[in-house]
Amino acid sequence: PTTGSRLLTDRNRRLATRSAIEWTEMTWNPVTGCTKVSPGCANCYAERMTVRLRAMGAARYARGFELATHDDALDAPLRWKAPRKVFVNSMSDLFHKDVPIEFIRRVFAVMARCPQHQFQILTKRSARLRAIAAAGELEWPANVWMGVSVEDQRRARRAVDLAAVPA
């Protein structure tokens, strides 16, 4: 097991982990890797964890913290019967500029098909979030909780962007 979480024992063990994060129950990472966009990224948990996972031989992290989408992880929530609070992309940012909109749509489609779960998404890329929402690119299921990270006053505009999203 990794520090801060314990791996699931079912067939999804490489696709999700139970979480020690107090505001969620598990994580689901159809995207891994990222790039820094603000001071809030300076001590990135996901980047540090990637170093550990790579050293442990985890295939998803063979290329380190390079952004990657994982088609094989998409259907994992469809197999979880009991309702769960799920942090989406604890190891990335779903609204990263290099995550194709088509892939984001697929993630949202899975969440829509799992109304028993509450999906929690955080982003530091609120401008892209807002642009995608304004363009009507996504259907926003009621079980998707959207949030933004606002680490200082200079990033307060992220909250304004979030308020414009129909989540």
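**Entry 1: a pocket.** I looked up the second largest pocket of this predicted model and found a volume of about 460 Å³. A pocket here is an open set of points on a 1 Å grid over the protein atoms alone, where a 1.4 Å probe fits, with protein on both sides within 12 Å along at least five of seven lines. Its 23 lining residues (an atom within 4 Å of a point) include C44, A46, S90, S92 and K124, which are the closest to the centre. Helix α1 (45–55) and strand β7 are the elements that give two or more residues to this lining. By class I noted 11 nonpolar, eight polar and four charged residues.

**Entry 2: the strands.** Next I followed β7 (residues 118–123), which pairs with β6 in the parallel sense over four bridges; two strands pair if DSSP finds at least two bridges between them. Helices (H or I, at least four residues) and strands (E, at least two) are DSSP runs, numbered from the N terminus. V86 has F119 in β7 as its bridge partner. From β6 the chain passes through helix α2 (residues 101–112) to β7, a right-handed β-α-β crossover. I also saw that β6 (residues 85–88) runs parallel to β3 (residues 26–28), joined by three bridges, with T27 partnered by F87.

**Entry 3: R155.** Is R155 buried or exposed? I found R155 buried, at a relative accessible area of 10%; buried means under 20% (1.4 Å probe, protein chains only). R155 sits in the loop between β8 (144–148) and α4 (157–163). Leaving aside neighbours within four places in sequence, R155 is in contact (heavy atoms within 4.5 Å) with S38, P39 and V150.

**Notes to self.** Residues are numbered from 1 along each chain as its sequence is written, and side-chain values use heavy atoms, without hydrogens and water. Local features need pLDDT of at least 70 and side-chain atom pairs count only at pLDDT 80 or more, while totals for chains, interfaces and linings use all residues.

How values were computed: Right-handed = clockwise from strand over helix to strand, strands pointing away. Points joined across faces, edges and corners; volume = space filled by probe spheres on them. Nonpolar A, V, L, I, M, F, W, Y, C, P; charged D, E, K, R; others polar. Buried < 20%, exposed > 50% of the residue type's maximum accessible area, 1.4 Å probe, protein only.
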